[in-house]
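Trainee: I would like to go through this structure and ask why each label is used.
Mentor: Go ahead; here is the entry.

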Amino acid sequence: MKNFKEMTLSQKRGLLASTGLPMVALVLMVGFQNCSPGVVQSTKVASTGVSGPSSLDLESDTKPVTVTYSENLVVSMQQLTGVETLSARAKTAATNALPKISETGKADTVNAPMWIAVTNLGAEICLDLITAEKAVTVADNRRFFNKIDFAQGATAITDAAKDDLIRRMARNFWGRNESVAEKTLLKSTLDAAMTEPAAANQSVTAETENALLFTCAAMLSSLDAIRF
Amino acid sequence: MMKTSRFDTRLGESRSRIVSSTSVKMLLSMLSIVAASKANAQNITPIPAVRPDPNGAISAERTRAQKIFQALTAVRVPIDDARIVQMEALIRQGNLRGAAAVASKDPLFLDIQIRDTAREMSDRDETVRAPMSDFVATFIGIVRDSDTTSAKEMLTGNFYYRVDPAIIATLPTNATVRQDEAADILTSNNHYADIVSRGLSPQAILIRQSPQRISQRANNIETPVDHPDPAGLMTTRSFTGAHAVAGTNRRMVEYSFREFMCLPMTEFADADAPDDRVARDVTRTPSGSVNLYQSRCKACHGQMDGFRGAFAFLDFTNNAARIGTNVVNKMNRNQTEFPQGYVTTDNSVVNYATLGKNVDQLGWRSALTGNGMASFGKMMADSRAFSRCMVRRAFKRVCRRSPLTQEEQVVRSLADQFEIDGYHMRHMFENVAIQPQCVQ
C-alpha cells in the first residue's frame, strides 16, 4: 500500500472519506446516547455514500447537526424550558461553553468537549427550571412537574409520573413525542441510578430534585433538543 | 467527605469542565440580554413559559412550522408554542409566506438571526463572534425597516442606526448607554458595546440617524462633522476600521466585494482587464517574470486598483475614519517599485470588471465610472451580483448551508423576486425559508 504522503490528492480524499467520516459518525452516535434519526443530513440528491466516488463534503453538502453558536444555544434552551432568568451558575456554564460550542454546527466540528459543555449547560438550566417549578405551590399549575411531590423522596415518583414527565419534556425539548424505546431507556437508566447509594447527608427530597435533574439534563442536552 | 450524588455520577462530567476564555466578557454581556429585567419594554423578546400538551397531536404542518421558525430565527422553540401553532394554521391554509412572516416578525429574527448575519459581514474575520457595532446595528435597522428602506441603501444610504436617545433617557444611570458622539460613537465602539452589556434588544431600541458623521481631529480634539462621502454600511466606523486601517485601501475593495457581492478576488479576477490603473507599488516583474505579472498579478490588480480610487481620501487613524480632501499617502506608497505605474491624484473610480465571466456574474447596471465611495457603493448596489449576494447570505443563514451549484437558478429567481419586491430584506428571508430545498 502506498505511503499517505505519496498519494495523490484525490486518493487522500478517498481514504479520508472512507475512514474519517464513518469515524465522525461513530463518535457522534456512540458518544451520545441519543435516539435521533439520522445524524448527517446530506443535501445531495443522489449521493453514493460517504465512501463512494463522490465523497461527502461536510462544509458544502450537509446541513448542520446542531444549533450553532453558544449564545443562540442558550437562548434556545431558555425558550424550550421557559426559564426566563438564568442563575449565576447557568451563566457561568454558558460562559464556559463559549469556546467549545461549534460555530457552524457541522458534524465535523462536534466533539466531546462540546457535548460536555452542552450537558453542563443543559443541567444548569434544568436546575433553574426545577427551582422555578418547585416554587409553584399548586402542582397543576406546573408545566413539567405537575405530578411530582417535591416533599417526597425520589422513590415516590410513580411510573405514571415518570411517563408524564418524559412526555412533556419530549414535546417541548424534542418537538415530538418520545418513542417507546426512548421512554424505556430513560426510565431504566433513572431506576438504575436510584438503586445506587445516595450521597451522604442528602435529604430524600433533594434526591427527588436530583432525579428530575437527571432526566431533564439528559433530554435537554440530547441531539434532538439542540439540532437544527 | 461527602459522597458524590448517584445522579451526579450518572450525569458524568456535566458540571465539571471550566475553561477560562478571552471571550468571557462578551458572552456574559450577551447573557445579560436574556436575563434582563422585564420592566423595560426594550429588552429582548420575552421567553414564554410554554405548557406542553402531553396528549396533543403533532401534525406534519406543526413540525414544518417549527423548522421554519428555527430557520428564520436561529432559535428553537417548543412545538406547542403559540407562535408555532399560529404558523401551523397558516401552513394548513397553504399560506407558507404568511407562516414565515410570523417568524420574521418575531424579535428573535432581528435580535439573533439578522444580528449574526451582520456580524459575519462586519469584520475581517467574518465570524458571528464579531462585536455589536454601528455596522451590525445599521444592518439590523435596515432589515427591521424593510417596509420603508431598500436594501440598496446598505451601500448608498446617508444614515446610521444608534440607540434612541429617548430610550436611553429611561435607563437607570448606572446602566445607561454611553452616547457622546465623538467619544462613544465616532472614535470608539462604546455606544454599541453598551447595547449588549445593558441587555437591550437591538430591534426595539435602534433609531435611524441621518446624515452619517465622521470625526475630524485637530490639536487632539475630535469634532464631529457630516460625512462628505457616505455609502451606507461601507462607510460605517466598524467596516472602515476593519479594512481601511493601514494597508493601501485595497482591502476596502476586496471586502466590499466579499461582503456585498459575495465574490472573493479570485472569483472575479480577470487577466484580460486593462492595467492602466495599477499603482506604482505593484512590481511588474515578480520573481523576475513579466509573464507572472501579466497572468496573475494583473488579474486582480487591474480591477482592484481601478475601484480603489473610491477610497483615495479615506484613512482610519486614532480609532476613527478620517476623510480629507487630499489623496492619503498610502494610496501612492512604495512608488519606486514601478515608477511608471498609476499615480492616484483624485478619487475617481473606473470599473474594469466588465469582461468575460464578469458580465454575467456581476451584472453591472449603472455608470461604470464615478468619484468616491458613494459612486462605488451605488455601482455595487445597482448590480445583479448585489441582489444575488443578499439571497446567498440569507440562504446560508436560513438553510444553514451554501446554495449548491445546481441551485444557482433558485438563487437567481429569488434575487429577481427580491428586486421586484423593492429589495425588501425581510420578505426575501421569508421567501428563502419556504423553499423546499431549504426547510422540508
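The questions below take up confidence, then burial, helix packing and backbone angles.

Mentor: This is a predicted model, in which local features need pLDDT of at least 70 and side-chain atom pairs count only at pLDDT 80 or more, while totals for chains, interfaces and linings use all residues. Residues are numbered from 1 along each chain as its sequence is written, and chains are lettered from A and ligands numbered from 1 in the order in which they are written.

Trainee: How do you know how confident the predictor is in chain A?

Mentor: By pLDDT, the predictor's confidence in each residue, from 0 to 100. Chain A has a mean of 77, with 70% of its residues at 70 or more. Among its elements, helix H1 (residues 9–31) has the lowest mean pLDDT, 39, and helix H6 (residues 159–174) the highest, 96. Over residues 12–55 of chain A the pLDDT is below 50, and this stretch has 57 contacts in the model beyond near neighbours in sequence; a contact means two C-beta atoms, placed from the backbone, within 7 Å. Where pLDDT is low, the predicted coordinates should not be read in detail.

Trainee: What is the mean pLDDT of chain B?

Mentor: The mean for chain B is 91, and 90% of its residues reach 70 or more.

Trainee: What makes up the secondary structure of chain A?

Mentor: Chain A has nine helices and zero strands. Helices (H or I, at least four residues) and strands (E, at least two) are DSSP runs, numbered from the N terminus.

Trainee: Why does Asp163(A) count as partly exposed?

Mentor: A residue is buried if 20 or more other C-beta atoms, placed from the backbone, lie within 10 Å of its own, exposed if 12 or fewer, and partly exposed in between. Asp163(A), which lies in helix H6 of chain A, has 16 C-beta neighbours inside 10 Å, so Asp163(A) is partly exposed.

Trainee: Why is H21(B) called largely enclosed by the rest of the structure?

Mentor: Nine of the nine residues of H21(B) are buried, and therefore the helix is largely enclosed. Among the buried residues are Met428(B), Phe429(B) and Val432(B). The cover includes helix H3 (60–73), helix H5 (96–104), helix H7 (134–144), H19 and helix H20 (408–420) of chain B.

Trainee: What makes H19(B) oblique to H21(B)?

Mentor: The axes of H19 (residues 384–399) and H21 (residues 425–433) of chain B come within 9 Å and cross at roughly 55 degrees. Axes are lines fitted to C-alpha atoms, for helices over the stretch in contact, and angles run from 0 to 180 degrees between N-to-C directions. Under 35 degrees counts as roughly parallel, over 145 as roughly antiparallel, 65 to 115 as roughly perpendicular and the rest as oblique. The crossing angle therefore makes H19(B) oblique to H21(B). Residues of H19(B) including Met390(B) and Phe395(B) meet residues of H21(B), among them Met428(B) and Phe429(B).

Trainee: Which of the labels buried and exposed fits Asn220(B), and which fits Arg400(B)?

Mentor: Asn220(B) has 6 other C-beta atoms within 10 Å and is therefore exposed. Arg400(B) has 24 C-beta neighbours inside 10 Å, so Arg400(B) is buried. Phi is near 65 degrees in Asn220(B) and near 65 degrees in Arg400(B). Most residues other than glycine have a negative phi, and most peptide bonds are trans.

Trainee: Where is the cis peptide bond?

Mentor: The cis bond joins Ser210(B) and Pro211(B), with omega about 0 degrees.
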